[in-house]
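Dear colleague,

I am handing over the structure we spoke about, and I would be glad if you could look through it with the notes below beside you.

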Amino acid sequence: MLKELKSSEIIYRRLQEAFQKLIDERHLENEKLRVSARPLTPREAIGNPQAQDYPLLKGKERMMEAIFRESRGQAFSDMCGEWSGTVSDILRMDLSTNFERAVYVASLNAVMRSLGLVEKTVHCRDDGPVQCSTECLQMLYRENPEARILLVGHQPRMLERLSSYFHMSAVDMDEDNIGKEFWGIEILAPEESDRRVDHFDVLLVTGTTLVNGTIGKFLDHKIPPVFYGVTIAGAAKLLNLRRFCPCAS
């Protein structure tokens, strides 16, 4: 765990340095416009999908949304609340809690979206996750039809779709999911990813790891991870990480 924390701290420091450089280059530190962040209701975040098994709808996580100028940025988190401040306030955050990281990451996404540096910072709605999982399957099949995949984070449609074609395992932090089977795949505890990671060809990792403090462990391996989702939009751009999120807006 100590190594994991240290690894993530290095990532956060690199991210803060890159964001600070961007703010300096764009002369935004004294920007008087405020950034406001709030948790969305499940329906605001994901709409009304046909399936009702998404973590957002189960209340395990919420979506934080930040607005800068007229641009929206989002981040998943299990710690949410209201926040308002300036760009300078964001830069001074020490990122020691999931709440602070959620505000920082959502705000980073909103600021970078307003500057035209990233797209797709708003979660897909209704049946968007179904289309996303289909496109993910097509992408992975094109790249390596024999790939062994570790899915980090229980995204139900991805697990359902990918498990019908690939050999795969899945890990999740939600204790209600651990030990249960979905589409023939048992959900394993997070620590299992450390023991099993070298047996896979693809790490398909939720961008929420950027907020919950576990991202470092997935960047320490020889297999470059593919991060999915809106949370990691800005960080992927600044840190040159691969991101997959075709159906966000």
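What follows is an account of the sheet, the helices, the cores, the cysteines and two single residues.

Please keep in mind throughout that this is a predicted model.

I begin with the sheet, which is open and has 7 strands in the order β7-β8-β6-β5-β9-β10-β11, with mixed pairing. Its edge strands are β7 (181-182) and β11 (242-244), each of which pairs on one side only. Strands of a sheet pair through backbone hydrogen bonds, and they may do so parallel or antiparallel. In the case of β9 (residues 202-206) and β10, the two strands run parallel and are joined by 3 bridges, and T206 stands opposite Y228 in β10.

Helix α6 lies across β5 (148-152), β9 and β11, and it runs at about 135 degrees to β11. The length of α6 (residues 128-143) is as one would expect, because its 16 residues, at 1.5 Å a residue, should span 22 Å, and its end C-alpha atoms are 23 Å apart, which agrees. The buried residues of α6 are G128, P129, C132, S133, T134, C136, L137, M139 and L140.

Helix α5 can be checked in the same manner: its 17 residues should span 24 Å at 1.5 Å a residue, and the end C-alpha atoms are 24 Å apart, so the two values agree. This helix is mostly covered, with 13 of its 17 residues buried, and just after α5 comes G116, which takes a positive phi of about 75 degrees.

Turning to the interior, the largest nonpolar core has 49 residues, and those with the most contacts inside it are F19, Y104 and L210. Helix α5 (residues 98-114) gives the most to this core, with 9 residues. A second, separate core has 21 residues, including A147, V202, V226 and Y228.

L210 leads on to a residue that you may wish to look at on the screen, since, neighbours within four places in sequence being left aside, L210 is in contact with Y12, L15, R101, V105, I215, T231, I232 and A235. T231 lies in the loop between β10 (226-228) and α10 (233-239). Although it is part of a loop, T231 is buried, with a relative accessible area of 2%. Again leaving aside neighbours within four places in sequence, the contacts of T231 are Q74, A75, F76, V105, N109, G207, T208, L210 and V211.

As for the cysteines, a disulfide is a covalent bond between the sulfur atoms of two cysteines, and the structure holds 0 disulfides. For C80, the closest cysteine sulfur is that of C124, at 18 Å, which is too far for a bond; C80 itself is partly exposed, with a relative accessible area of 29%. The sulfur of C247 is 5.2 Å from the closest cysteine sulfur, in C132, and this too is too far for a bond, given that the cut-off applied to a pair of cysteine sulfur atoms is within 2.5 Å.

Lastly, Q20 lies in helix α1 (residues 2-26) and is partly exposed, with a relative accessible area of 25%. Residues up to four places away in sequence not being counted, Q20 touches E29 and L91. Q20 and L91 are 71 residues apart in sequence, while their C-alpha atoms are 6.9 Å apart in space.

With best regards

Notes. Residues numbered from 1 in each chain as written. Predicted model: local features only at pLDDT ≥ 70, side-chain atom pairs only at ≥ 80, totals over all residues. Heavy atoms only, no water. Helix = DSSP H or I, 4+ residues; strand = E, 2+ residues; numbered from the N terminus. Buried < 20%, exposed > 50% of the residue type's maximum accessible area, 1.4 Å probe, protein only. Contact = heavy atoms within 4.5 Å. Expected span 1.5 Å × (residues − 1). Core = buried A, V, L, I, M, F, W, Y, C linked by side-chain atoms within 4.5 Å. Pairing = 2+ DSSP bridges. Axes fitted to C-alpha atoms, helices over the stretch in contact; angles between N-to-C directions.
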